[in-house]
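Q: Could you take a close look at one part of this model and set out how its pieces are joined and packed? Please begin with the local pairing and then work through to the surroundings, taking care over the backbone geometry.

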Amino acid sequence: MTLRLLDSRTEQKVPFEPIGGGPVGLYVCGVTPYDTGHLGHAFTNLSFDVLHRYLEYLGYQVTYVQNLTDVDDDILRKARELGEDYLELGNRHLTTFLAEMAALNWLPPEHLTRATKHIPQMQELIRQLVASGNAYVADRHVYYSIASRPQFGELSHLPREAMLPIANERGNVPDMPGKRDPLDFVLWQPSAPDEPSWESPWGPGRPGWHVECSAMSMAYLGPQFEIHGGGQDLMFPHHEAEIAQSEAATGRRPFVAYWLHAGMLTVRGEKMSKSLGNLVLVRELLGTYSGDAIRLYLVSHHYRDEIDFDEADLEASSRQAALLRRACRVAEELEPLAPSLADPAALDPTIAGHRARFLAAMDDDLYTPAALPELHALAALCTREAPRDLVVQAGWMVRELGARVLGLRLATVPGAMEMAEQPEGAIVA
Ligand SMILES: [Zn+2]
């Protein structure tokens, strides 16, 4: 079996093949650190964490890059409302975000990149787009001209008439000065007097949101790389814009081999929003549930699914996490050192079967809802009555698949379970 991933652009589930000989490039659009993290953000991040872990389990080296949108319209608006410096606001929320994600056992990216540290790379990209005729300067703004891009819409598959309302809902301002088409998106714009500003060939100002991710992903992963992820709501216009400007600037196609999008989280069928007061906050859940319980709840859904949050399901996941931990503990009491589980021929046939079906589910576009029952079946084998060798193999297999692949902690030392570890290895570039 080989890993197959569903690519949003081609809408095909295809075998995963790295582009070159180097590490697999994985870029995931990260947070704009101006507000408290909710469970929807955690679902996106943990979905790609499972992908990251599974790729490593399969033997790939992965260069994982995630950005921090520390300058854009939203964070500047919030900073103005609070009367706080936008960088201080961003740092405050970054610290909280990293602590919450560490509690969920998220492997931090190798490069956690700040937009404000990559302005020269963004300007270089904009300069190339202006030079190639894909962008134009108007009234101290630089816009990407979507008329220069016949393929615009190839990722989201949206008809032209459906694009504008969605873009407007997600930050597009159709009547900005000098725009030739209301869908043309901002690459560079003058800053308001109280906003940060950088010198540029087009006048002092700041970058548009979309160009940030193109510049940062290519700075670390090159002009073409394997996997780009993000929440479903970023597919249009954000990722559509990223493809357009990256391919136009480099002349290389495709910019990204596999586009993966995580589903959205709703509460009683409604989108989570601050105005509706229905945000499910990670911080609050961590007051009641372990990181493992929350992670198990999230991975019980396929990463592309829309999740309608139900606390009863989270409670059930909490009980299941306890059963998985118990299986690990029973096996460790019998055999404190991990036995070799690498050779399927040396495994009990029942255990080998569960392992094979678990991995087959993961190979099917990370179909965790079918992988989890195999994990639970392995845990159920760990009874006091069962033969010793079977229990040892089953319990240690729960740890191998549950911890290495799904990222559960499965801590068997009392007290360690609830501990939120300090983030390690996060390099903020
Ligand atoms: Zn992005």
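**Strand pairing, helix packing and unusual backbone**

A: T266 stands opposite K271 in β13, and this pairing is a convenient place to enter what is a predicted model. The strand that pairs with β13 here is β12, residues 265–267, and the two are joined by 2 bridges and run antiparallel. Both strands belong to an open sheet of 3 strands, whose order is β13-β12-β14 and whose pairing is mixed. The edges of that sheet are β13 (270–271) and β14 (307–309), each of which pairs on one side only.

A second open sheet brings us to the part that deserves the closest look, namely the surroundings of helix α4. This sheet has 4 strands in the order β6-β7-β8-β9, with antiparallel pairing. Its edge strands are β6 and β9 (206–207), each pairing on one side only. Between β6 and β7 there are 4 bridges in the antiparallel sense, and within this pair A135 stands opposite Y144 in β7. Helix α4 packs on the sheet and touches β6, β7, β8 (185–189) and β9, while its direction makes about 100 degrees with that of β6.

How is a single residue of the helix placed within these surroundings? I126, which is found in α4, has 26 other C-beta atoms within 10 Å and therefore counts as buried, since 20 or more are required for that class. Leaving aside residues up to four places away in sequence, I126 touches A135, V142, L187, W188 and V211. A135 thus appears twice in this picture, as a contact of I126 and as the residue opposite Y144 in β7. By contrast, I126 and F358 are separated by 232 residues in sequence and by 46 Å in space, C-alpha to C-alpha.

Helix α4 also has a helical partner. Two packed helices are described by the angle between their axes and the distance between the axes. For α4 (residues 119–131) and α7 (residues 235–250), that angle is about 70 degrees and the axes are 9 Å apart, so α4 and α7 are roughly perpendicular to each other. At the contact, L125, Q128 and L129 in α4 meet Q245, A248 and A249 in α7; by type, the residues of this contact divide into 4 nonpolar, 2 polar and no charged.

The backbone of this region has some departures from the usual pattern. Most residues other than glycine have a negative phi, and most peptide bonds are trans. A cis peptide bond, with omega about 0 degrees, joins F236 and P237, and P237 is found in helix α7. The peptide bond from R253 to P254 is likewise cis, with omega near 0 degrees, and P254 is found in the loop between α7 and β11 (256–262). In the loop between β6 (135–138) and β7 (141–144) is R140, whose phi is positive, at about 70 degrees, although R140 is not a glycine. R140 is partly exposed, because 15 other C-beta atoms lie within 10 Å. D365, also not a glycine, has a positive phi of about 55 degrees, and its place is in the loop between α11 (349–363) and α12 (368–380). D365 has 20 C-beta neighbours inside 10 Å and therefore counts as buried.

Two further elements extend the picture of burial and pairing. Strand β4 (residues 62–68) runs parallel to β5 and is joined to it by 4 bridges, with L68 standing opposite R114 in β5. In a regular strand the side chains alternate between the two faces of the sheet. In β5 (residues 111–114) both faces are covered, with H111 and T113 buried on one side and L112 and R114 buried on the other.

Helix α1 is mostly covered, with 16 of its 19 residues buried. The length of α1 can also be checked: at 1.5 Å a residue, its 19 residues (residues 39–57) should span 27 Å, and the end C-alpha atoms are 26 Å apart, which agrees. After α1 comes G59, whose phi is positive, near 100 degrees.

Terms used:
Residues are numbered from 1 along each chain as its sequence is written. This is a predicted model: local features need pLDDT of at least 70, side-chain atom pairs count only at pLDDT 80 or more; totals for chains, interfaces and linings use all residues. The expected span of a helix is 1.5 Å times one less than its number of residues. A residue is buried if 20 or more other C-beta atoms lie within 10 Å of its own, exposed if 12 or fewer, and partly exposed in between; C-beta atoms are placed from the backbone. Two strands pair if DSSP finds at least two bridges between them. Axes are lines fitted to C-alpha atoms, for helices over the stretch in contact, and angles run from 0 to 180 degrees between N-to-C directions. Angles under 35 degrees count as roughly parallel, over 145 as roughly antiparallel, 65 to 115 as roughly perpendicular and the rest as oblique. Two residues are in contact if their C-beta atoms, placed from the backbone, lie within 7 Å. Ala, Val, Leu, Ile, Met, Phe, Trp, Tyr, Cys and Pro count as nonpolar, Asp, Glu, Lys and Arg as charged, and the others, Gly among them, as polar.
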